Structures are given as structure tokens and as C-alpha cells.
Amino acid sequence: MDTELDLAMLVLRVALGGMLIAHGANKIFGGGGLTGTAGWFESLGLRPGRLHAALAACTEIGAGALLLLGFLTPAASAAYIGLMLVAALTDHRGKGYFVFKGGWEYTLLVGMVAVVPAIVGPGRWSLDHVLGLKLFGIGWAGGCLVAGVLAVAGLMSVFYRPQTTVS
């Protein structure tokens, strides 16, 4: 890899990894803490809310750390895809495209950008490279997409129970 591409991948990993770690930590330590996040998740139809709040926070912190370090990069990319798809299907669905109106623009962008390291690799300045793990390419990226979508399909089919309005 060229030094410029290595640097670009480091910048991408630090930006996305740090962002997702912060999101996960906010679910635990932000206003309302994990209890508040659990109530929000319940209102989105993810039941039980406490389980999903803890699962989301741990997945965000874990996937963010993996991507930040460039370690097991396809697993991180798959987790990002899953997280962003769940967010798009629950919190952002039906609100249009633009995030400033609550839409799914942000989740689409983050999910798509998170596939890039699975395609081109995390770069030389990564644990994958140091350990000699060559876990990237079109096949790996496709596997990440399939894994993320299948995980979401399972989660949503078992745990998604939105409140219905009685007419």
C-alpha cells in the first residue's frame, strides 16, 4: 500500500472508530445513562430495552475499538453495517433522507464508509497488518454485508416489537 493510502485509512479508522466508541459510551454514561437508553430503545420497539441498550453500547464500543486499532477489520465493518441498519430501521425510518429531519442519511453514510476498510484493508498502521492478517477484499466486504444484514434480520425478527396504536 502507498503511504498516502495508509494515512487515509488511519484517518478513516480514527474518525469512525472514535465516533462509534463515543456513541457507545454515551449510551452508558450520557444523560439518563443506560436506564435512559433502555427506555428510548423500548420506545423504538426494541424489547427488552435494557438488553438492547447494553448490547448496542457494547457493540459500538467494541466495533469502534476494533476499527480504530485495525484489528479483525471485517468483524468491525460487519458490526457497523448491523448497527447502522438497525438504527435506520427503527429510529430513522419514515423520516425521509436528511438527518436534520431525523432521516437515515447519517446511518447510510456511516454504514457505507465502514465497508471501505473491508475492501482495501486497514493499512500498514494496523494490528491486522502487524499480525499478518490479510482480511480484506471484495469477498470480505461482501461477507461483511451479508453478516451485518443477517444479524439485523435475526435481531429484528426476534426482538422488534413496536407499539401498535388501537383505533
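A residue is taken as partly exposed when its relative accessible area falls between the 20% under which residues are buried and the 50% over which they are exposed. In the predicted model described here, Tyr97, at 37% relative accessibility, is therefore assigned to the partly exposed class.

The secondary structure of the chain consists of eight helices and zero strands, and the order of elements from the N terminus is accordingly α-α-α-α-α-α-α-α. The radius of gyration of the chain is 17 Å, close to the 15 Å that the globule rule gives for 167 residues, so the chain is as compact as a globular protein of that length. Along the principal axes, the C-alpha trace spans about 60 × 30 × 30 Å. Of the 167 residues, 40% count as buried, while the chain exposes about 8,800 Å², of which carbon and sulfur atoms supply 73%. When contacts between residues at least 6 apart in sequence are considered, 67% of them join residues at least 24 apart. With regard to charge, the chain carries 10 positive and 8 negative charges, and the mean positions of these two sets are 11 Å apart.

Aromatic side chains were examined next. A pair of aromatic rings is described by the distance of the centres and the angle of the planes. The structure holds four aromatic pairs. Among them, Trp40 and Phe41 form an edge-to-face pair, with 5.2 Å from centre to centre and 65 degrees between the planes. The two partners of this pair fall into separate accessibility classes, because Trp40, with a relative accessible area of 37%, is partly exposed, whereas Phe41, at 7% relative accessibility, counts as buried. Another edge-to-face pair is formed by Tyr97 and Trp104, for which the centre-to-centre distance is 5.0 Å and the angle between the planes is 85 degrees. In this pair Tyr97 is partly exposed at 37% relative accessibility, and Trp104 is likewise partly exposed, with a relative accessible area of 34%. Tyr97 and Trp104 also belong to a cluster in which ring pairs link Tyr97, Phe98, Phe100 and Trp104.

A contact between segments remote in sequence is found at Ala78, which is placed in helix α4, comprising residues 73-90. Ala78 is buried, with a relative accessible area of 15%. Although Ala78 and Cys144 are 66 residues apart along the chain, their C-alpha atoms are separated by 4.4 Å. Once neighbours within four places in sequence are left aside, Ala78 is in contact with Cys144, Ala147 and Gly148.

Two features of the backbone concern loops on either side of helix α3. Most residues other than glycine have a negative phi, and most peptide bonds are trans. Arg47 and Pro48, however, are joined by a cis peptide bond, with omega of about -5 degrees. Pro48 lies in the loop between α2, which covers residues 33-44, and α3, which covers residues 49-69. Leu72, in turn, has a positive phi of about 50 degrees although it is not a glycine. The position of Leu72 is in the loop between α3 and α4, and at 34% relative accessibility Leu72 counts as partly exposed.

Definitions and conventions: Residues numbered from 1 in each chain as written. Predicted model: local features only at pLDDT ≥ 70, side-chain atom pairs only at ≥ 80, totals over all residues. Heavy atoms only, no water. Phe/Tyr/Trp six-rings, centres within 6.5 Å; stacked < 30°, edge-to-face > 60°. Buried < 20%, exposed > 50% of the residue type's maximum accessible area, 1.4 Å probe, protein only. Helix = DSSP H or I, 4+ residues; strand = E, 2+ residues; numbered from the N terminus. Rg over C-alpha atoms; globule rule 2.2 N^0.38 Å. Contact = heavy atoms within 4.5 Å. Areas by Shrake-Rupley, 256 points an atom, 1.4 Å probe, with all protein chains shown as cover. Lys, Arg positive; Asp, Glu negative; His and termini not counted. Charge placed at Lys NZ, Arg CZ, Asp CG, Glu CD.
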